[in-house]
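Please look through the structure below before reading on. The paragraphs that follow walk through some of its side-chain contacts and then its overall build.

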Amino acid sequence: MKKLNKIMLFTAGILVGFLFAFTLIQDKNAPITSEMIKDGASIIGLEFTDTERDTMIEALSDTRKDLQSIRDMKLNNDIPPSINFNPIPVGKRFDFQQRAQKWDMPQNVDLPDEMNELAFYTVGQLASLIKDRKITSVELTNFFLGRIEKYDEKLEAVITVTRERALEQAERVDAELEQGIYRGPLHGIPYGAKDLLAVEGYKTTWGATPYKDQQINETATVVQKLDQAGAVLIAKTTLGALAYGDIWFGGRTNNPWNLEQGSSGSSAGSASGTAAGLFPFAIGTETLGSIVSPSTRNGTTGLRPSYGRVSRTGAMALSWTMDKIGPITRSVEDAALVFNAIYGPDGKDQTIVDLPFNYDATIDVTDIRIGYLKSAFEQDYWNKGRDSLVLETMREMGVELIPIELPNYEAGPLRIILTAEGAAAFDELTLTDQDDLMQWQTPNAWPNTFRAARFIPAVEYINASRARYELVQKMDSVMQDLDVYISPSFGGGNLLVTNLTGHPSVVLPNGFADNGSPTSITFVGGLFDEATLLSVAKAYQEATDHHKKHPPLFLE
């Protein structure tokens, strides 16, 4: 009897996955039979005896009713689970003191003789022009609106131009400056925001056909914080449908360096538009590469902050325990400026950890403990030459690089966490067959992935979360004697591991391939230590000039 009770409890958990399979092909009110259980169990690799299956029938019938009741609740995407992921390793201590930040802001910047050069000025340079009243926010906003009008047909980087809102904001911050009110370096600076961030009064399409006319009556916290910093939202940028890839309901977002190629995703328009000079910076998101990948393809600088650093209130949820919001810019210092405006709690997102951001652009990198993923750099891969030059540059800067390795841990199977949470976030899309409206329908596209995720047992999802806890502790052991380490952007399993553990990263250009396409390198920092990470990445970037090159087709 004890054994049978254990089997019944175990089966109740796994039914979240496989019971859906046979309710799809049979009447959901039809009696559950031993053969149905046998077929369902085989899908997820389990086997029960005839007696065990017969004993399960009553419990499974009750569970099926409960599952249908949960489906009938029709939970909105903005409702999080009651269980939060905690990325903080056991015993970890943080510095809670906010110190004076040290920026490297340009002074006495002049307007260019050729105004189109403004398209590729940094945020810092534009901030100097506005603060010194050499250009107004209205003039700058109209300039970038004109760039969108001229070039976006080639790029498909923008879903909605927020012209009316932008000009109202620009007029307001110009008036404030006349009154002596200066909100800081983002005062009057135009930007774009990935169209999974809600903005009241405008559509928030999530890049997907079923939601292309959706309006959400709130404004995301990140946008509100940028409003408070004086930044001017001019565009809602494209994203691969439901934050995957660069294909959206209107087509494909293109790479400004090669218009025959997609811009990668899912922060497709944010990276493409920033690289092409449609706006000085943009906001992207990352769950598993959605800042790193398009920043690499488009030659931009992207900051993926620590999990729990930037509020996701008002943002589409794909994976509640993996989603992160960060800036895509043209320089590391710009990323730091934008991050400084958007990080911190909002009283709504319960995953946020309230810690200071002590940025110091003058840091001596020779005092910082910097490692590199030795085995990843030693592998034979396509970008090895340019990546190796990064290590050489760091050594020339006086840095003693420490060889390290990621934890010896099989992280690949933990992807089911993202898959299961994504399927839950878009539960109704699957159940109502609206997933058939999605443009991308390959085996690896979301519609099929979400369908297949119905077969992930609840027990295995929880055990994957437990394994993730173990990975967090092992990763902390690697970081004990490090402040920052360098990794190939897509090598050595680093992208998956650090997205699972919640560590921050900066991806930035490190050269160009033979075909002229940008390449990238990744710097990874300690948990919630974006300050040191950005300072080190900035030091490397300033020793190179890769970020100062721009797509030739968009220089006019």
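Asp 476 has a relative accessible area of 10%, and because buried means under 20%, this residue counts as buried. In this predicted model, Asp 476 forms a salt bridge with Lys 92, and their closest N and O atoms are 3.4 Å apart. The two partners come from distant parts of the chain: Asp 476 belongs to helix α16 (residues 458-479), while Lys 92 sits in the loop between α3 and α4 (123-131), 384 residues apart. Lys 92 has a relative accessible area of 27%, so it is partly exposed. The bridge therefore pairs a buried acid with a partly exposed base.

A second salt bridge also reaches the loop between α3 and α4. Here the side chains of Lys 538 and Asp 104 meet, at 3.0 Å from N to O. Because Lys 538 lies in helix α18 (residues 530-542) and Asp 104 in that loop, the pair ties together parts that are 434 residues apart in sequence. Is Lys 538 buried or exposed? Its relative accessibility is 5%, so Lys 538 counts as buried. Asp 104, at 40% relative accessibility, counts as partly exposed. Salt bridges with shared partners join Asp 104, Lys 538 and Glu 542 into one network.

A further salt bridge is formed by Lys 212 and Asp 213, with the closest N and O atoms 3.5 Å apart. Lys 212 is partly exposed, since its relative accessible area is 35%. How many salt bridges does a search of the whole structure find? The search finds 20.

Polar contacts of another kind can be followed at Thr 313. This residue is in the loop between β9 (301-304) and β10 (324-329). At 16% relative accessibility, Thr 313 falls under the 20% limit and so counts as buried. Which side chains make polar contacts with the side chain of Thr 313? One is that of Ser 311, at 3.1 Å. Another is that of Asp 346, at 2.8 Å. Leaving aside residues up to four places away in sequence, Thr 313 touches Glu 218, Ala 220, Thr 221, Asp 346, Lys 348 and Asp 349. Asp 346 thus appears both as a polar partner and in the list of touching residues.

On the surface, Ile 70, Met 73, Leu 75 and Ile 79 make a nonpolar patch of about 400 Å². Ile 70 is part of helix α3 (residues 50-72). With 46% relative accessibility, Ile 70 counts as partly exposed; residues in such patches have over 30% relative accessible area.

The last step is the chain as a whole. The protein chain contains 18 helices and 15 strands. Its C-alpha trace spans about 85 × 50 × 45 Å along the principal axes. Why does the radius of gyration agree with that of a compact globule? For 556 residues, such a globule would have a value near 24 Å, and the protein chain has 25 Å.

Of the 556 residues, 59% count as buried. The exposed area of the protein chain is about 23,200 Å², with 49% of it supplied by carbon and sulfur atoms. Among contacts between residues at least 6 apart in sequence, 76% join residues at least 24 apart. The salt bridges described above include two examples of pairing across the sequence, with Asp 476 and Lys 92 being 384 residues apart and Lys 538 and Asp 104 joining parts 434 residues apart.

Notes: Residues are numbered from 1 along each chain as its sequence is written. This is a predicted model: local features need pLDDT of at least 70, side-chain atom pairs count only at pLDDT 80 or more; totals for chains, interfaces and linings use all residues. Side-chain values use heavy atoms; hydrogens and water are left out. Patches are made of residues with over 30% relative accessible area and no salt bridge: like charges are joined within 9 Å, nonpolar side chains (Val, Leu, Ile, Met, Phe, Trp, Tyr) within 5 Å. Accessible areas come from the Shrake-Rupley method with a 1.4 Å probe; for residues, only the protein chains shown count as cover. A salt bridge is a side-chain nitrogen of Lys or Arg within 4 Å of a carboxyl oxygen of Asp or Glu. Helices (H or I, at least four residues) and strands (E, at least two) are DSSP runs, numbered from the N terminus. Buried means under 20% relative accessible area, exposed over 50%, partly exposed in between (1.4 Å probe, protein chains only). The radius of gyration is taken over C-alpha atoms; the globule rule is 2.2 Å times the number of residues to the power 0.38. Contact means heavy atoms within 4.5 Å. A polar contact is a pair of N or O atoms within 3.5 Å; within protein, one must be able to donate a hydrogen and the other to accept it, and residues adjacent in sequence count only if both atoms are side-chain atoms.
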